Amino acid sequence: MSSATTYIQSIMDLAKSRNAGEPEFLQAVTEVLESLLPVLEQTPKYREHHILERIIEPERVIIFRVPWIDDKGQIQVNRAFRIEMNSAIGPYKGGLRFHPSVNLSILKFLAFEQVFKNSLTTLPMGGGKGGADFDPKGKSDNEVMRFCQSFMTELSRHIGPNTDIPAGDIGVGGREIGYLFGQYKRLRNEFTGVLTGKNIRWGGSLIRPEATGYGAVYFAQNMLATQNDSIEGKICAVSGSGNVAQFTVEKVNQLGGKCVTLSDSGGTIYDPHGIDDEKLSYVMELKNVRRGRIKEYADTFKGVQYYEGKRPWGVTCDCAFPSATQNEISEEDAKTLVKNGCKLVSEGANMPTEAGGVDVFLEAKVLYGPGKAANAGGVAVSGLEMAQNATHTNWSREEVDGRLQYIMESIHQQAKEAAGRYGMGGNYVAGANIAGFVKVADSMIDQGAV
Ligand code: NDP
């Protein structure tokens, strides 16, 4: 066993003993550490500076109570978190998730992934993540507002435009960012770029809502281009029906592909005719305004099947865009996708594929773009929103979209080159982890033991 293998094993043991009961965090740490083996073998300084011991330990974790009053006048209490994971290359940056499943393990995995993702964007952003076990589903706008105000009353002590800049994630869209921003402004008496994903009327960036979905499709295009192929004519399976899923469908349509599925936590719709722009407008109204269930799509359009409680991975497709949540593609699902001819997976969601499923894709030589590379477009345009806020300017759609395309191309190139350099050509998982890690690790060494 090489000394690098022993070092990685000792760090895994440390991670397991310190973070027992945090399976998602340990899953994310295992995936990254395993792919760093060749780097650690060739570069002893990372071990000498105890980089792995430090990089798996959040710089700061804040856990707080969020009391709020529901429409019946009753006091409700939720638990909230902010994980400030790593600030070696910039202020903490990462989204807020409001979902009943939110816990320390999930947010630490997301914050850990964010560190490497943000590094890949080429922009100066550290990694963080936060949220609460609050479920916006079935709540009135007033209840959501009161929750957001109480949440921000505490969070505002810990964030700032040069310290920690949250954004949206599952359950935190334009409405929630508005309420959060309003309360921060009121408490601090300052109008700054403390959050991204803001409305364009009050400091937001054009293309930010589109950025994650568009970026995942641009990443897919870059992968396909290595085989002289493109999205045109491809049948695509998309999961989720929220922000990332919606703009994935929009971009696939623009590039001449056809999306045949969408889903939510209730089930999956299969539309063999394709979710064209008109049907997508229906979905946007259903999900963003009426806040209904995807099942209604099958009741509205002809020839559509609804699979209650099922995920989309049983359909025949060329490309898959998982865009709902973590661990939504099991090893079995991955095998089914490969068997049915799926040649590309571009992850809009964070860690949607279980470890066994990742191995299936890599073995089958599927073009597999892991979330930390493929969905980095969202945080990249958040970085561009910060740049616009700091310079009090607004860029046009074309300017932001052009920069997004350039950044996705650069992330693809970095991941491809890093994988090739260490003899793992075509493995974007290893490439993204290595390229993201090296910049952060070298910056940590530059800044000493802090
Ligand atoms: P939204 O809240 O807009 O949409 C989430 C979608 O996923 C909904 O359709 C939701 O269904 C479904 N979903 C969520 N949790 C589950 C679950 N446990 N089981 C089944 N379905 C579920 O979130 P986003 O579109 O913003 O985020 C989707 C994914 O993309 C997440 O993994 C997020 O971390 C990732 N991501 C998002 C970015 C962004 O900019 N927004 C940036 C980078 C990554 P339902 O309504 O029934 O819950």
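# Exercises: domains, sheets and a ligand shell

The protein divides into domain 1 (3-55), domain 2 (60-190) and domain 3 (211-374); these bounds come from an automatic or database domain assignment. The model is predicted: local features need pLDDT of at least 70, side-chain atom pairs count only at pLDDT 80 or more, and totals for chains, interfaces and linings use all residues. Residue numbers start from 1 along each chain as its sequence is written.

## Exercise 1. The helix pair α1 and α2

Task: describe how α1 and α2 pack, and list the residues that meet.

Solution.

Step 1. Find the helices. Helices (H or I, at least four residues) and strands (E, at least two) are DSSP runs, numbered from the N terminus. Helix α1 spans residues 3-18. Helix α2 covers residues 23-35.

Step 2. Take the geometry. Two packed helices are described by the angle between their axes and the distance between the axes. For α1 and α2 the angle is about 170° and the axes are 11 Å apart. Axes are lines fitted to C-alpha atoms, for helices over the stretch in contact, and angles run from 0 to 180 degrees between N-to-C directions.

Step 3. Classify. Angles under 35 degrees count as roughly parallel, over 145 as roughly antiparallel, 65 to 115 as roughly perpendicular and the rest as oblique. Therefore α1 and α2 are roughly antiparallel to each other.

Step 4. List the contact. From α1 come I8, I11, M12, A15 and K16; from α2 come L26, V29, T30 and L33. Contact requires C-beta atoms, placed from the backbone, within 7 Å.

Step 5. Sort by class. The contact of α1 with α2 has seven nonpolar, one polar and one charged residues. Nonpolar here means Ala, Val, Leu, Ile, Met, Phe, Trp, Tyr, Cys and Pro; charged means Asp, Glu, Lys and Arg; the others, Gly among them, are polar.

## Exercise 2. The helix pair α2 and α6

Task: repeat the analysis for α2 and α6.

Solution.

Step 1. Helix α6 covers residues 104-120. It packs against α2 at an angle of about 25°, with the axes 6 Å apart.

Step 2. The two helices are therefore roughly parallel to each other.

Step 3. Helix α2 brings P23, E24, F25, Q27, A28, V29 and V32. Helix α6 answers with S105, I106, K108, F109, F112, E113 and F116.

Step 4. By class, the contact of α2 with α6 has nine nonpolar, two polar and three charged residues.

## Exercise 3. The five-stranded sheet

Task: give the strand order, the edges and two of the pairings.

Solution.

Step 1. The sheet is open, its pairing is mixed, and its order is β1-β2-β4-β3-β5. Two strands pair if DSSP finds at least two bridges between them.

Step 2. The edges are β1 (60-69) and β5 (164-167), each pairing on one side only.

Step 3. Strands β1 and β2 run antiparallel, joined by ten bridges. I63 has F81 in β2 as its bridge partner. Five residues separate the two strands of this hairpin, where G73 takes a positive phi near 85°.

Step 4. Strands β3 (residues 92-98) and β4 (residues 127-132) run parallel, with three bridges. F98 is opposite A132 in β4.

Step 5. Place the helix. Helix α6 lies across β2 (75-86), β3 and β4, and runs at about 150° to β4.

## Exercise 4. The seven-stranded sheet

Task: trace the pairings from β6 through to β9.

Solution.

Step 1. This open sheet has the order β9-β8-β7-β6-β10-β11-β12, with mixed pairing. Its edge strands are β9 (305-308) and β12 (367-369).

Step 2. Strands β6 (residues 235-238) and β7 (residues 258-264) run parallel over three bridges. A237 is opposite T261 in β7.

Step 3. Strand β7 pairs with β8 (residues 267-270) in the antiparallel sense, over four bridges. L262 is opposite I269 in β8. These strands form a hairpin with two residues between them.

Step 4. Four bridges join β8 to β9, again antiparallel. Y270 has Q305 in β9 as its bridge partner.

## Exercise 5. The ligand shell

Task: which domains give residues to the shell around the ligand?

Solution.

Step 1. Count. The ligand is surrounded by 24 residues, each with its C-beta atom, placed from the backbone, within 6 Å. The closest are G242, D264, S265, A349 and G378.

Step 2. Sort. The shell has five nonpolar, 17 polar and two charged residues.

Step 3. Find the main contributor. Helix α10 (residues 243-254) gives the largest share, three residues.

Step 4. Conclude. Domain 2 and domain 3 both give residues to the shell, so the ligand lies between them.

Note on methods: Contact = placed C-beta atoms within 7 Å.
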